[in-house]
Amino acid sequence: RDLVSAEAEGDERLIEAALRPKRLEEFIGQARVREQLSLVLHSALRRNRPPDHVLMSGSPGLGKTTLSMIIATELGVPLRITSGPALERAGDLAAILSTLSEGEVLFIDEIHRMARPAEEMLYLAMEDFRVDIVVGKGPGATAIPLEIAPFTLVGATTRAGLLPAPLRDRFGFVAHMDFYEAGELEQVLHRSSRLLGLELPGDAAREIAGRSRGTPRIANRLLRRVRDFAEVRAEGVITKEVAAAALNLYEVDAQGLDRLDRAVLGVLLRRFGGGPVGLSTLAVAVGEEPETVEVVAEPFLVRQGLLARTPRGRVATAAAWIHMGLTPPPDAFG
Ligand code: ADP
């Protein structure tokens with residue numbers, strides 16, 4: 001499953017660090033977000049004050065961490081990185097907040113997964129640059145207010161809707177990151193090839209981009225697999241055919257579907273005539289947990305218009321039959 005997963009795994013973080021754009025200018029795509037952010041940053045620089053807190057929402061691998069690093073670089077301030085799950089107790093957050101330097105950018109990834117007490121501490125910190133440290137327990141407990149340096153919070157979440165309203169409302173700017181167009185992914189691939197010292201012809205870039213699920217992280221990963229394949233099987237020369245052969249070998253098809261995605265569609269079409277069929281029945285037929293099918297495979301199939309979730313169950317669309325090279329039964333869409 002690794003190949004088209006949008007999450008970074010293991011060593012991948014190191015490789016990714018080398019491929020990250022450092023300045024806003026180098027950041028490809030997301031034109032609207034880039035322009036909005038550029039305004040926010042420039043006006044902050046002009047006023048010589050930290051900008052409003054920024055919330056970035058969007059799927060994994062679209063560049064949220066990269067943008068938070070760019071924000072710090074453009075402002076010329078240090079960056080602290082943490083994540084919601086790491087902030088289990090309010091004390092975890094207090095330790096970070098109380099050691100921030102003036103103007104520092106604090107990036108909290110998966111901010112929707114922060115524990116409640118930490119979240120409440122964050123409200124006050126975002127608004128008044130202050131935290132209340134509670135000393136003692138029970139009726140004798142007292143809150144000691146502690147000033148913290150003005151900072152900029154950059155929060156990242158997979159869906160802005162997951163955030164409690166009081167937290168969401170404290171961000172001055174919400175950047176909605178969309179999946180990338182094929183042309184933008186081609187630019188990402190060309191840029192990465194330059195950095196990796198690879199020659200990537202235009203049609204090969206197009207071939208890889210088309211299979212990358214609108215996600216730069218996946219595009220970069222597929223590029224590395226194509227490079228490996230080219231080195232071993234094609235004397236290091238990447239062509240469109242080499243790229244296609246490599247990705248076919250890794251079972252990433254022309255639309256970016258992997259083995260699990262194709263298994264789900266295959267079972268839905270061949271065994272259940274295109275549905276409707278319930279999630280658990282479908283999962284058993286594929287030999288996976290229902291949650292895996294629902295969380296890992298379905299969102300992309302739905303996004304590609306290949307599968308619909310209906311009250312009566314999962315249904316394949318006409319496009320699914322075409323994509324899998326199968327003929328629907330005569331009454332399928334009547
Ligand atoms: P997220 O934090 O949203 O999961 P990251 O910022 O870690 O995503 O990005 C994943 C990888 O994709 C990084 O290696 C980064 O270099 C690359 N990437 C993401 N967005 C862009 C972009 N707009 N231009 C070039 N590379 C990008």
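These legends accompany several close-up views of a predicted model.

**View 1. The residues that UniProt lists under "binding site".** An unreviewed UniProt entry gives this label to Leu 19, Arg 20, Gly 61, Lys 64, Thr 65, Thr 66, Glu 127, Asp 128, Phe 129, Arg 170, Tyr 180 and Arg 217. These positions span 199 residues of sequence, and they are spread in space as well, with up to 36.7 Å between C-alpha atoms. Two of the listed residues, Lys 64 and Arg 170, get views of their own below.

**View 2. The shell around the ligand.** Here 18 residues surround the ligand, and those that come nearest are Glu 16, Gly 63, Lys 64, Thr 65 and Thr 66. Helices α1 (12-19), α3 and α9 (216-233) are the elements that each give two or more residues to this shell. By residue type, the shell divides into eight nonpolar, six polar and four charged members.

**View 3. Surroundings of Lys 64 in helix α3.** Lys 64 belongs to α3, the helix of residues 64-75. Is Lys 64 buried or exposed? Lys 64 counts as buried because 23 C-beta neighbours lie inside 10 Å, and the cut-off for that class is 20 or more. Beyond its neighbours within four places in sequence, Lys 64 is in contact with Met 56, Gly 58, Ala 156 and Met 177.

**View 4. Arg 170 in a loop.** Look for Arg 170 in the loop between α6 (165-168) and β7 (173-176). Arg 170 is partly exposed, since 19 other C-beta atoms lie within 10 Å. Sequence neighbours within four places aside, the contacts of Arg 170 are His 53, Tyr 123, Met 126 and Glu 127.

**View 5. An open sheet of five strands.** The strands follow the order β2-β3-β6-β1-β7, and their pairing is parallel. β2 (79-83) and β7 stand at the edges with a single partner strand each, so one side of each has no neighbour in the sheet. On average, neighbouring strands of this sheet are turned by 15° against each other, direction ignored. At the β7 edge, four bridges join that strand to β1 (residues 54-57), the two running parallel. Met 56 has Ala 175 in β7 as its bridge partner; Met 56 is also among the contacts of Lys 64.

**View 6. The hairpin of β8 and β9.** Strands β8 (residues 307-310) and β9 (residues 313-316) run antiparallel and are joined by four bridges. How many residues does the hairpin use to join β8 to β9? The connection runs through two residues. Across the pair, Arg 309 stands opposite Arg 314 in β9.

Key
Residues numbered from 1 in each chain as written. Predicted model: local features only at pLDDT ≥ 70, side-chain atom pairs only at ≥ 80, totals over all residues. UniProt positions renumbered as here; feature names shortened; annotations may be inferred. Buried ≥ 20, exposed ≤ 12 C-beta atoms within 10 Å, placed from the backbone. Contact = placed C-beta atoms within 7 Å. Near = placed C-beta within 6 Å. Nonpolar A, V, L, I, M, F, W, Y, C, P; charged D, E, K, R; others polar. Pairing = 2+ DSSP bridges. Axes fitted to C-alpha atoms, helices over the stretch in contact; angles between N-to-C directions.
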